[in-house]
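This report is written for a reader who meets the structure for the first time. The sequence and the model are shown below.

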Amino acid sequence: MASVAASVVITTKDRKDSLRVALESAVKQSVPIEVLVIDDGSSDGTAEMVQTDFPSVRLVHFDRSAGLIVRRTQAASLAKGEIIFSIDDDAAFSTPEVVRQTLAEFCHPRVAAVAIPFINVNQDNIVRQRAPDAKDTYLTDQYIGTAHALRREVFVGLGGYRAHLFHQGEELDYCIRALDAGYVVRLGNADPIHHYESPRRSFKRMDIYGKRNHILFVWHNVPWRYFPMRLVILTAAGAQHGLKTGRPLNSLWGLVRGYGGMLRFFHHRKPVRSATFRLSRRLSKRKMPLSEVEPLLPPMTT
């Protein structure tokens, strides 16, 4: 294959109809790209559909499912582009210019990821993850999995996502580790990605892994001086969310698994610097320009 500007990676399982829409938008991008589908053990004919309907798309099929987090990390080693665009199989680029527009936003070496604007089409018309304006480089604390682009060298150098998180919460965990290594997440200005949330989402799985991984995030990353308070806050928030959604047992089980995970993954604890944690919290509350943040960052380590 000739040199490509980027790789668009779509990790999928048993959603071939949604995937077809995503691929139709990916192959129409206005710059040369590699489109890579990672099939995590589909049994609905996904691989056959990709091979028949999208012969230019590169397909990697696995017979057994290992989860999307594991596959996304593997995709970074398989991709040919230096910038990896990752969208879910129930999302689509709204125009052919999204990749081109986003590539231009990796203009500073500290930018390890761009949070691409997106719309949850089945919910509302709100454009999320958009920078306040295009006059400055605005930063945030994390991106959403269905709408982001990564600098592959940094992602691989930092070890990618933690495989044992399995489902949900991997983005913030990676972003705070990147911040501790001197890298930032930029808010994008591109045309939005359209996210058509699949009706085949398991809220039970989301509840359990979401609460579990909130607790594991604290264990893995939060410095000791902030650890007790963050643990209490996220435990209370998890319980409250369960009551609010009418699924308290799911949330309770997720929290229990999170506390158990602190023992199971005891040796995985590697807290970030206190200054990094404070900066991440500030970025979660206010979108700050790079010029304000850069003096607070350590030297880049990868």
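The text takes up the cysteines, one helix, the salt bridges, and then the cavities and a pocket.

**Cysteines**

The model is a predicted one. A disulfide is a covalent bond between the sulfur atoms of two cysteines. A search of the whole structure for such bonds finds zero. Cys 107 takes part in no disulfide, and the nearest cysteine sulfur to it, that of Cys 175, is 18 Å away. A disulfide would need the two sulfur atoms to be within 2.5 Å. For Cys 175 the nearest cysteine sulfur is that of Cys 107, also at 18 Å, and Cys 175 is likewise in no disulfide.

Are these two residues buried or exposed? Cys 107 has a relative accessibility of 58% and therefore counts as exposed. Cys 175 has a relative accessibility of 3%, so this residue counts as buried. Cys 175 appears again below, in the lining of a cavity.

**Helix α7**

Helix α7 covers residues 203-221, which makes 19 residues. At 1.5 Å a residue it should span 27 Å, and its end C-alpha atoms lie 26 Å apart, so the expected and the computed values agree. Most of α7 is covered, with 15 of its 19 residues buried.

**Salt bridges**

How many salt bridges does the model hold? The count comes to 19. The table lists three pairs, with the distance between N and O atoms.

| Residue | Partner | N to O distance |
|---|---|---|
| Arg 58 | Glu 34 | 2.7 Å |
| Arg 71 | Asp 40 | 2.8 Å |
| Asp 173 | Arg 162 | 2.9 Å |

The salt bridge between Arg 58 and Glu 34 links distant parts of the chain, as Arg 58 is in strand β3 (residues 58-62) and Glu 34 is in strand β2 (residues 33-40), 24 residues apart. Arg 58 has a relative accessible area of 26% and is therefore partly exposed. Glu 34, with a relative accessible area of 0%, is buried.

Strand β2 also holds Asp 40, the partner of Arg 71. In the salt bridge of Arg 71 with Asp 40, the closest N and O atoms are 2.8 Å apart. Arg 71 belongs to helix α3 (residues 68-78), so this pair ties together parts that are 31 residues apart in sequence. Arg 71 and Asp 40 are both buried.

In the third pair, the side chains of Asp 173 and Arg 162 meet at 2.9 Å, N to O. This pair too links distant parts of the chain: Asp 173 is in helix α6 (residues 170-180), while Arg 162 is in the loop between α5 (152-157) and α6, and the two are 11 residues apart. Asp 173 is buried, as is Arg 162.

Salt bridges also join residues into a network made up of Arg 15, Asp 89 and Asp 90.

**Cavities**

Rolling a probe the size of a water molecule over the atoms shows where empty space is left. How many cavities of 30 Å³ or more does the structure hold? There are two.

The largest cavity holds about 70 Å³ of space. Its lining includes Val 9, Arg 72, Ile 84, His 148 and Tyr 161. Two or more lining residues come from each of α3, β4 (83-87) and β9 (148-151). Helix α3, the helix of Arg 71, gives the largest share, three residues. By class, the lining of the largest cavity has seven nonpolar, two polar and one charged.

The volume of the second largest cavity is about 50 Å³. Among its lining residues are Thr 140, Asp 141, Cys 175, Tyr 183 and Leu 283. At least two lining residues are supplied by each of α6, β10 (184-187) and α10 (274-285). Helix α6, which also holds Asp 173, provides the largest share, three residues. The lining of the second largest cavity divides into seven nonpolar, two polar and one charged residues.

**A pocket**

The second largest pocket contains about 220 Å³ of space. Among the residues that line this pocket are Leu 158, Arg 162, Arg 177, Asp 180, His 267 and Lys 270. Arg 162 is thus a lining residue of the pocket as well as the salt-bridge partner of Asp 173. By class, four residues of the pocket lining are nonpolar, two are polar and four are charged.

Methods
Residues numbered from 1 in each chain as written. Predicted model: local features only at pLDDT ≥ 70, side-chain atom pairs only at ≥ 80, totals over all residues. Heavy atoms only, no water. Buried < 20%, exposed > 50% of the residue type's maximum accessible area, 1.4 Å probe, protein only. Helix = DSSP H or I, 4+ residues; strand = E, 2+ residues; numbered from the N terminus. Expected span 1.5 Å × (residues − 1). Salt bridge = Lys/Arg side-chain N within 4 Å of Asp/Glu carboxyl O. 1 Å grid on protein atoms, 1.4 Å probe; cavity = no way out; pocket = protein on both sides within 12 Å on 5 of 7 lines; lining within 4 Å. Points joined across faces, edges and corners; volume = space filled by probe spheres on them. Nonpolar A, V, L, I, M, F, W, Y, C, P; charged D, E, K, R; others polar.
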